[in-house]
Amino acid sequence: MSSSSSSSSSSSSSKSWIINGLAIGAAMAAALGARAYLARSGRFRSRVIGIIPARFASTRFQGKPLVHILGKPMIQRTWERAKLAATLDHVVVATDDEKIAECCQGFGAEVIMTSESCRNGTERCNEALQKLGKKYDIVVNIQGDEPLIEPEIIDGIVKALQAAPDAVVSTAVTSLKPEDAFDPNRVKCVVDNRGYAIYFSRGLIPYNKSGKVNPHFPYLLHLGIQSYDSKFLKIYPELEPTPLQLEEDLEQLKVLENGYKMKVIKVDHETHGVDSPEDADKIEQFMRERNLS
């Protein structure tokens, strides 16, 4: 290698380190500033909106938001549960489908129409937020296929993000059932000792050398609900898809692969997400057994 190309490479590397250093420094300064503001006013990230993204054309279960759970559309049950959360100032449904919009307006929900080009629920939430034209500090992405979501979980992830200025996303996990260990529709999570996400996977993680579930290990199941700092939510769609995100088909991995932090809280929750018609039947049976209306 010539001395000129070596010098050019060294200069490029130095610039890269400087840029990275500046970005990290800015992030640290923002976090420190946020901590000071939080301590001073107690109103850091105080304005919160819940958005329920819903689309009709699901590859696994078409028309899923409109499936009836004991006489009510699933999207209505999710909206009613979300409205009980104390931390949410407002709750809306974001959809690209007229049938879903008409259904939601029928039971009193505010609906924001979004484009069909949204690649995932996070992008749909961002578009809905821009169309609302109101300023919010936190956006909670509430999965429309969780008709029994607990309002306390919504409040928990909002408070977690308010208390973690160095994080841009917060989410929740619960204990993984052994029978769900190898189900790719049940996303697993591992966290560090400060409660920040390390990785998410459709496979079992951690995966030991025996290849079997360790009955003594506290595996974690990811609950789909997430809250975002609204400034980061605007950036998210501009980030290029990342290799791990594409391989696992998990949008939260794009957050981690780009070096952002995600705060995780553990909750005691028996998940009731709907990924298939069979799941809807299971939820109805669960509700009947517990006299839930």
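Start by selecting Leu 176: setting aside neighbours within four places in sequence, this residue is in contact with Ala 181, Lys 188, Leu 204, Tyr 219, Leu 220 and Leu 221. Keep in mind throughout the tour that you are looking at a predicted model.

**Stop 1: around Leu 176**

Colour the loop between β7 (169-175) and β8 (188-191), and you will find Leu 176 in it. Is Leu 176 buried or exposed? Its relative accessibility is 12%, so Leu 176 counts as buried, the limit being under 20%. Now add Arg 186 to your selection. Leu 176 and Arg 186 are 10 residues apart in sequence, and their C-alpha atoms are 8.6 Å apart in space.

**Stop 2: the largest nonpolar core**

Next, select Leu 88, Val 93, Cys 104, Val 140, Ile 142 and Ile 154. These are the residues with the most contacts inside the largest nonpolar core, which has 34 residues. Which elements each supply at least two residues of this core? They are β1 (48-54), α2 (74-82), β4 (90-95), α3 (98-106), β6 (138-141), α5 (151-162) and β10. Helix α5 gives the largest share of the core, with six residues.

Zoom in on Ile 154 and show what surrounds it. Not counting residues up to four places away in sequence, Ile 154 touches Ala 82, Ala 85, Thr 87, Leu 88, Val 140, Ile 142, Ile 149 and Ile 225.

There is another core to visit as well. This second, separate core has 30 residues, including Val 169, Leu 253, Val 255 and Val 264.

**Stop 3: helix α2**

Select helix α2 and show its side chains. Why is α2 described as largely enclosed by the rest of the structure? Seven of its nine residues are buried, so the description fits. To see the buried ones, pick Met 74, Ile 75, Gln 76, Arg 77, Thr 78, Trp 79 and Ala 82.

**Stop 4: aromatic pairs**

Stay with Trp 79 and add Phe 107. A pair of aromatic rings is described by the distance of the centres and the angle of the planes. The count for this model comes to four aromatic pairs. Trp 79 and Phe 107 form a tilted one, with 5.3 Å from centre to centre and 50° between the planes. Trp 79 belongs to helix α2 while Phe 107 sits in the loop between α3 and β5 (110-113), so the pair ties together parts that are 28 residues apart in sequence. Trp 79 is buried, with a relative accessible area of 12%. Phe 107 is buried too, with a relative accessible area of 15%.

Now move to Phe 232 and Tyr 236. Their aromatic pair is edge-to-face: the centres are 6.3 Å apart and the planes make an angle of 65°. Both Phe 232 and Tyr 236 are buried. Add Tyr 260 to the selection, and you have a cluster of Phe 232, Tyr 236 and Tyr 260 linked by ring pairs.

**Stop 5: lysines over rings**

Keep Tyr 236 on screen and show Lys 254. Lys 254 lies over the face of Tyr 236, at 4.0 Å from the ring centre. Then jump to Tyr 196 and Lys 263. Here the charged end of Lys 263 sits over the ring of Tyr 196, 4.5 Å from the ring centre.

**Stop 6: backbone details**

Select Ile 205 and Pro 206 and look at the bond between them. What kind of peptide bond joins Ile 205 and Pro 206? It is a cis peptide bond, with omega about -5°. Pro 206 lies in the loop between β9 (197-201) and β10 (220-229).

Now try Leu 70, in the loop between β2 (68-69) and β3 (72-73). Leu 70 is a residue other than glycine with a positive phi, near 50°. With a relative accessibility of 27%, Leu 70 counts as partly exposed.

Asp 249 also has a positive phi, near 55°, and is not a glycine. Look for Asp 249 in the loop between α7 (243-248) and α8 (252-257). Asp 249 is exposed, with a relative accessible area of 57%.

**Last stop: Pro 277**

Finish in helix α9 (residues 277-289), where you will find Pro 277. Pro 277 counts as partly exposed, at 39% relative accessibility. Add Gln 62 and compare the two positions: Pro 277 and Gln 62 are 215 residues apart in sequence, and their C-alpha atoms are 9.8 Å apart in space.

Note on methods: Residues numbered from 1 in each chain as written. Predicted model: local features only at pLDDT ≥ 70, side-chain atom pairs only at ≥ 80, totals over all residues. Heavy atoms only, no water. Helix = DSSP H or I, 4+ residues; strand = E, 2+ residues; numbered from the N terminus. Buried < 20%, exposed > 50% of the residue type's maximum accessible area, 1.4 Å probe, protein only. Core = buried A, V, L, I, M, F, W, Y, C linked by side-chain atoms within 4.5 Å. Contact = heavy atoms within 4.5 Å. Phe/Tyr/Trp six-rings, centres within 6.5 Å; stacked < 30°, edge-to-face > 60°. Lys NZ or Arg CZ within 6 Å of the ring centre and 35° of its normal.
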